[in-house]
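Hi,

Here is the structure I promised to pass on. Have a look at it first, and my notes follow underneath.

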Amino acid sequence: MIDFKKIEEKWQKKWEKEKIFEVNIDKKKEKFFITVPYPYVNGPPHLGHAYSFLRGDVYARFVRMKGYNVLFPQGFHATGEPIVGVVDRLKKGDLEQKEILKLLGMNDVDIKEFEIKGPEFVAEYWKNKWIDIVKKIGYSVDWRRTFITAIDSNYNKFIQWQYRMLKNSGYVVQGTHPVIWCPNDQSPTGDHDRLIGEGESPTEFIVIKFELDNGEVMPCATLRPETVYGVTNIWINPNSEYVKAKIEDQKWIISKDAVEKISEQLHKVEIICNVNIENYIGKNVRNPVTSKKIPILPSNFVDIKKATGVVMSVPAHAPFDYVGLSNLKNGKEFSKFNLKSILNNIIPISVIKSELGKIPAIDYVKKMKISNQSEKAKLDEITNLIYKKEFHTGILINCRKFSKMKVSEVKEKIQKDFLEDGFATLFYEIMNDVVCRCNTRCYVKILENQWFLKFSSPIWKKRVKEAISLMEFYPDSVRTQFINTVDWLKDKACVRKSGMGAKLPWDQNWIVETLSDSVIYMAYYTISHIIKENKISENDLDDKIFDYVFLHKGIGKNLKIKEKILNKMREEFEYFYPVDIRFSGKDLIQNHLTFYLFHHVAIWEKNKWPKSIAVNGYVNLNGLKMSKRLCNVIKLNEIFDKYGADILRLNLVSSNENMDDANWKYDVIDSFNSRMIFLMKTISNIKLAKRKEINDFDKFLLSRNQIIIDNTTRAFENTKFRSAIKYGFFQSINDLKLYIERCGGIKKCNGKILKEVLHNIIKINTPIMPHLSEELWQKLKQKGFISLEKWPKPDEDKINKEVEFGEKFITKIINDINQIEKISGIKPKKAFIIIAPKWKFYVFKIFLENKNKNFKTILKKSNIKNNDVVKYIQYLQKNNNLLEYFLKRKNQIKIINDSKEFIENKLSIKLQIEESENSKILKAKNADINKPVIFLE
């Protein structure tokens, strides 16, 4: 039994002792700077984290072997609310929080320490756990450069410099904007400060003011102001609480849940009284746009937590509305309101004509046979389809002055008119729930005098798009997503009132929020070790220092830090920057990764802009993204403890590529393990390989090895690590097994060839399974670390298509015999292999020589008058693309004869080789140049 974990511990100690991943300036080498997201230190690493991080490590190891001077650092993130939220919940005795921490491997003593010692202790605790665990899985990181945000005061000074730079450039501005707000923290809540709702942002609705006869307003929020012309009724939820509230100089009927949200959007709101909403059912309101009277109707599908709790109904274009009316007509739930005559008079009004028709909601509900509003999935699907198609292809009809205009071109003009005419007002809402890390439900608040990043700036957007045009993306298809994000990105709040982080330098009441202090930290990696080594304090760091180091501004004299140290810091930055590639998850495209580009182009010139980004999917468990919030994480140390680091690396990195989601699979672990053991045993027995002469089997192995080196290298270069493992691990080991089998065991192998190929196999697997590779390299009596060896290059002179095709030819014969056995259900004693007649090889030779594949020319040159020849030429013309390579007849006979003993032993069958012309078997004439006839008896 091989103790892989013992091997892994051995090499981790050696790497650390020799400091082989600590990188310094080496002007003889080209640098390569790789980064991955710094993890949030509110728990231990799990497989979801490890997927992106290991991809970064694998690539770093590959590029290092390609001869680059590789900087691969790792920091940690503690900014924001999450850690503070954990401590606060513990102090409040939150049992759910305690259970979550226990699931993460903590005991009661640890949890009590969190509660007593506070957020900074929590952050340091998890940072140390992280470092310990990721070292065990073989991260090739320069740990001298690590730091932790928020509690590292030197890093906070760096962030303050960043924000002064942005403010001076006009990219941080003070203004009035809608933000997602936590009422408990009294702060905007960014993506990384949320338990639920990552990616959600305020959505702008227009609220149409439908009036009752007494002047009271029933306000309906909509994203589609153009459909107001088709409203047939208003929906309210009779089983919910509503109030009458004075809003400015009007009286609104709204859900009780809407009051706080409206008041937080710069409206003066005063509750007058609660109302019995049932008293409003059956009454009419006036559509302010068309002046038509329409009825108020009951429906349970109205979500009173969304917008105002009052909904306008457009049944021709909104599937939920059409089904709601149908259910109301045919159901008994609301029969007490006697609405039959009202319902009979409601006729859907078409206001948009698109490629889906004039009444798509009705058409699609009938087409999909939807009978009830409870069929939410189907209704959501067709709702999204209709809204999208009508926006992009719709023409307005029955919309007065807007008729015959395109929806996409006139939507904003309609909204503007309604606002100017006093028919409507704006309202901001969250489309899906957002819950802060403090466990508080959030809503939209319009903040005055808040600090924002001016992502709406056309000049800034243009500069980011220029950066995108100069970059490489893996996969390249993700480039469009970045451009789209830049297009729709709006101003974003960059500070909050609570949590951990750097104080906003010009207004100490604010803290730079989580996503806003994690976009240029890559630059800090280049100097963090120098700051620590020289024991530089926050008091020594100021804007002039950072200007000198990062922007080449000013002079190094008369500053608080010695000029020699400053020059060292500047030299490190100039040598290693920019970032050559950043690995990250696809969920960060719409925030962190795009913000990363915005900030870089704002602060630096083109020569310091990021060069490339590699994006990957999530790690799923049972179809769900792995997340601490969902309590479905597999902790990294659990996998490591059970299987070891190299198995973990192989299984996780090979689980998918590009942006497809990965799935951790237990059922493939044995296949990795068995091949690793095979490599160990082969190398242990290599001294038994005594043969010196070279035969076709050796040529085959060498040829295959060159192609695999090439394919594996290309896969690594394009960050397609699943493909790299397919070629470098599976195919290369399968070829090695076949070679040993074809030779008749390792004693009959060529020792020199075997050693050469093993060297290459180990090297191309080093980025994925570095520990075992080091051990195998040592067993081959090689000096130094394989992690620092040169990556192999394919030798084209060793590529031999003929021997490769010959091996494929034999494999095909073996597979065909097995297939015939399987179909017939009989175990034969003898197999006849019948080679195609000479004339077929002759005709095919002429066919290949004829560039135009002209039938008459080929027939004439063949000079064989035979109907079979005519049919064969026609067959070749139809199947020309299938014949990329073939063996000459004498070579086919030779290779089958050479492989006769191998085939017989493998299949436990006698083999007889015949030529078609001399065979008595009826089907012998069907033998083709690449497909001999096989007959079993």
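**What turned up**

Asn-128 has a relative accessibility of 45% and so counts as partly exposed (buried is under 20% relative accessible area, exposed is over 50%, and partly exposed is in between, with a 1.4 Å probe and protein chains only). You'll find Asn-128 in helix α6; helices here are DSSP runs of H or I with at least four residues, strands are E runs of at least two, and both are numbered from the N terminus. Asn-128 also has a partner from elsewhere in the sequence: Val-41 is 87 residues away along the chain, yet the two C-alpha atoms are 9.4 Å apart.

Before you go further, note that this is a predicted model, in which local features need pLDDT of at least 70 and side-chain atom pairs count only at pLDDT 80 or more, while totals for chains, interfaces and linings use all residues. Residues are numbered from 1 along each chain as its sequence is written, and side-chain values use heavy atoms, with hydrogens and water left out.

**The overall picture**

The protein chain has 937 residues, and 57% of them are buried. Along the principal axes, its C-alpha atoms fill a box of roughly 105 × 80 × 55 Å. There are 32 helices and 31 strands in the chain.

Another pair that is far apart in sequence involves Ile-206, which sits in strand β6 (residues 203-211). Ile-206 is buried, at 0% relative accessibility. Its C-alpha atom is 9.0 Å from that of Phe-418, although 212 residues separate the two along the chain.

**Charges**

Side chains of opposite charge can pair when their charged atoms come close. The whole structure contains 61 salt bridges, each defined as a side-chain nitrogen of Lys or Arg within 4 Å of a carboxyl oxygen of Asp or Glu. Three of them are worth pulling up in your viewer:

- Arg-144 and Glu-22 pair through their side chains, at 3.6 Å from N to O. Arg-144 is in the loop between α6 (119-136) and α7 (153-168), and Glu-22 is in the loop between α1 (4-18) and β1 (31-35), so this bridge ties together parts that are 122 residues apart in sequence. Glu-22 is partly exposed, with a relative accessible area of 30%.
- Arg-704 and Asp-735 have their closest N and O atoms 2.9 Å apart. Here helix α23 (residues 696-717) supplies Arg-704 and helix α24 (residues 721-743) supplies Asp-735, so parts that are 31 residues apart in sequence are tied together. Arg-704 is buried at 17% relative accessibility, and Asp-735 is buried at 8%.
- Arg-441 and Asp-433 meet at 3.0 Å, N to O. Arg-441 is partly exposed at 45%, and Asp-433 is partly exposed too, at 41%.

The Arg-144 and Glu-22 residues also belong to a salt-bridge network, together with Asp-142, Arg-145, Lys-568 and Glu-572.

What about charge on the surface? Lys-687, Lys-755, Lys-779 and Lys-781 gather there in a patch of positive charge. A patch takes residues with over 30% relative accessible area and no salt bridge, joining like charges within 9 Å and nonpolar side chains (Val, Leu, Ile, Met, Phe, Trp, Tyr) within 5 Å. One of the four, Lys-755, is in helix α25 (residues 751-765) and is partly exposed at 37% relative accessibility.

**Cysteines**

How many disulfides does the structure hold? Zero, with a disulfide taken as a pair of cysteine sulfur atoms within 2.5 Å. The sulfur of Cys-749 has its closest cysteine sulfur in Cys-743, at 4.0 Å, which is too far for a bond. For Cys-494 the closest cysteine sulfur is in Cys-436, 18 Å away, again too far for a bond. Cys-749 is buried at 0% relative accessibility, and Cys-494 is buried with a relative accessible area of 0%.

**Backbone details**

Two peptide bonds to check are cis: Tyr-474 to Pro-475, with omega near -5°, and Tyr-577 to Pro-578, with omega about 10°. Pro-475 is in the loop between β20 (472-474) and α15 (479-488), while Pro-578 is in the loop between α18 (563-576) and β24 (581-585).

Ser-291 is a residue other than glycine with a positive phi, near 70°. Ser-291 lies in the loop between β12 (284-286) and β13 (293-298) and is partly exposed at 46%.

Cheers

Technical notes: Areas by Shrake-Rupley, 256 points an atom, 1.4 Å probe, with all protein chains shown as cover. Lys, Arg positive; Asp, Glu negative; His and termini not counted. Charge placed at Lys NZ, Arg CZ, Asp CG, Glu CD.
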